[in-house]
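Biologist: I'm new to this structure and would love a close look at one part of it, the sheet and what packs against it. Could you walk me through that part?

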Amino acid sequence: MGKKSKFRKIRFQIFLFMGAGLLVWSLISNAGFEILFNIEEKNNIELPEKVYVIFNCVQVLLLVLVNIPFLRFLIRHLDKPVQKIITGLKHVADGNYSEKIEFNSKNEFDEIKDAFNLMAEKLEQAEQIKLQAENERILLFANMAHDLKTPITSIIGFAKALSDDIITDEQKKAEYMHTIHAKATKMNELIDRLFEYVKLESAENLLHKEKTDISELLRNCIADMYTEYEENNIALEIEIPENAVIKEADKVELSRVYTNLLNNVLKHNPKGIKVLVRMEENGRTTIADSGEKMSEKVEKNMFMPFVSGDSSRTAKSGSGLGLALAHIIVAKHGGTLRFVADCAASGETGLDGYTKAFVVALP
């Protein structure tokens, strides 16, 4: 709505009520004067001055009476909405974002009411997202502490045993040193993954997008993990277009997505399953497997940090950050990463014989 038409309905209503009131008053007033003049003319007399004074007082009273509807209009359609809007703004300022205002003014104040209620709803949603983010951050640090505590405890125990010369057998000492090194390496990997996650979550962290053949990118990721798939007796079915599939993407980060998804299949399924890696001409990528279904609890929170497909986070299950990282990276590309819990019931084509799948769609 342009500036010139702003509050056009209110202006029209005000002028209409004022005009109608003045017109009625003017007609009655003129009729009164006509009557007085006729009386003077017929009787050839001049009415006393006090008659006109009384008549003028009646005119003023009449003017007030004919404007009562106009005053009621102002109260109902202007004053009450303004008061409700002010009250609503005060409630929102106090943090009560569930506040809604209701009135029916039949003018632009209805638009202000709708805009206010929409603003309050969006503020409430933003507050809920903020609280959810805070809870997720608390959970992130709690889970990080949990995952770091176990290897740290082991390192302290083994280091104490070595420093106190409790272990005298040289082979045992070598085993303890190897264990300390392995635990420290795992901690370092976990901290690195956590740093990657926090860095990606930051709004300042921008992707370095360029025109990329994502079909070739996916082939390279599969090649890097092919040996591990063979060692686990996993039958790999690959359906990738021979021609280039060009997308604006960050090569490093998108490679991490494909690798994390392929690694997730490897870590959270038994040996001997079959896996499908399929990319369509539009770049939509599906990674499906015939392993066991995930529990509803894990399925619901799988893209949360430190959520693992196993009941506890073990060395096999990894850091629990792989899917969370993949989800953030795809979102930063403007795409979607979703999980198909039941391929048979999902209606996804070409997934017969597969249990579950991850689907990556890029713009």
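Modeller: Happy to! Let's begin with a single pair of residues: Leu 337 has Val 360, in S7, as its bridge partner. That bridge belongs to the pairing of S6 with strand S7 (residues 356-361), which is antiparallel and runs over 5 bridges. Please keep in mind that this is a predicted model.

Two helices come up against the sheet here. Helix H9, made of residues 322-332, packs on the sheet and touches S6 and S7. The direction of H9 makes about 135 degrees with that of S6. H7 packs on the sheet as well, with contacts to strand S4 (274-279), S5, S6 and S7. Its direction and that of S5 make an angle of about 10 degrees.

Now let's step back to the whole sheet. It is an open one, formed by 5 strands in the order S2-S4-S5-S7-S6, with mixed pairing. Strand S2 (235-239) and strand S6 (336-340) each have a single partner strand, so they stand at the edges and one side of each has no neighbour in the sheet. From one strand to the next, the twist averages 10 degrees.

Within the sheet, Thr 286 is a good residue to visit. Thr 286 sits in strand S5, which covers residues 285-289. Its relative accessibility is 1%, so Thr 286 counts as buried. Leaving aside residues up to four places away in sequence, Thr 286 touches Leu 276, Val 277 and Arg 278, along with Leu 351, Ala 357, Phe 358 and Val 359.

Helix H7 deserves a look of its own. H7 spans residues 251-267, 17 residues in total. From its first C-alpha to its last, H7 reaches 24 Å, close to the 24 Å expected at 1.5 Å a residue. At the N-terminal end of H7, Asp 250 acts as a cap, with a side-chain oxygen 3.1 Å from the backbone nitrogen of Val 252. The buried residues of H7 include Leu 254, Val 257, Leu 261 and Val 265, and among them are also Glu 253, Tyr 258 and Asn 260.

Finally, a word on confidence. The chain has an average pLDDT of 80, and 80% of the residues score at least 70. Two stretches call for care when you read the model: pLDDT stays under 50 over residues 1-7, and it also stays under 50 over residues 309-317. For residues 309-317, the model has 17 contacts beyond four places in sequence.

Note on methods
Residues are numbered from 1 along each chain as its sequence is written. Side-chain values use heavy atoms; hydrogens and water are left out. Helices (H or I, at least four residues) and strands (E, at least two) are DSSP runs, numbered from the N terminus. Buried means under 20% relative accessible area, exposed over 50%, partly exposed in between (1.4 Å probe, protein chains only). Contact means heavy atoms within 4.5 Å. The expected span of a helix is 1.5 Å times one less than its number of residues. A polar contact is a pair of N or O atoms within 3.5 Å; within protein, one must be able to donate a hydrogen and the other to accept it, and residues adjacent in sequence count only if both atoms are side-chain atoms. pLDDT is the predictor's confidence in each residue, from 0 to 100. Two strands pair if DSSP finds at least two bridges between them. Axes are lines fitted to C-alpha atoms, for helices over the stretch in contact, and angles run from 0 to 180 degrees between N-to-C directions.
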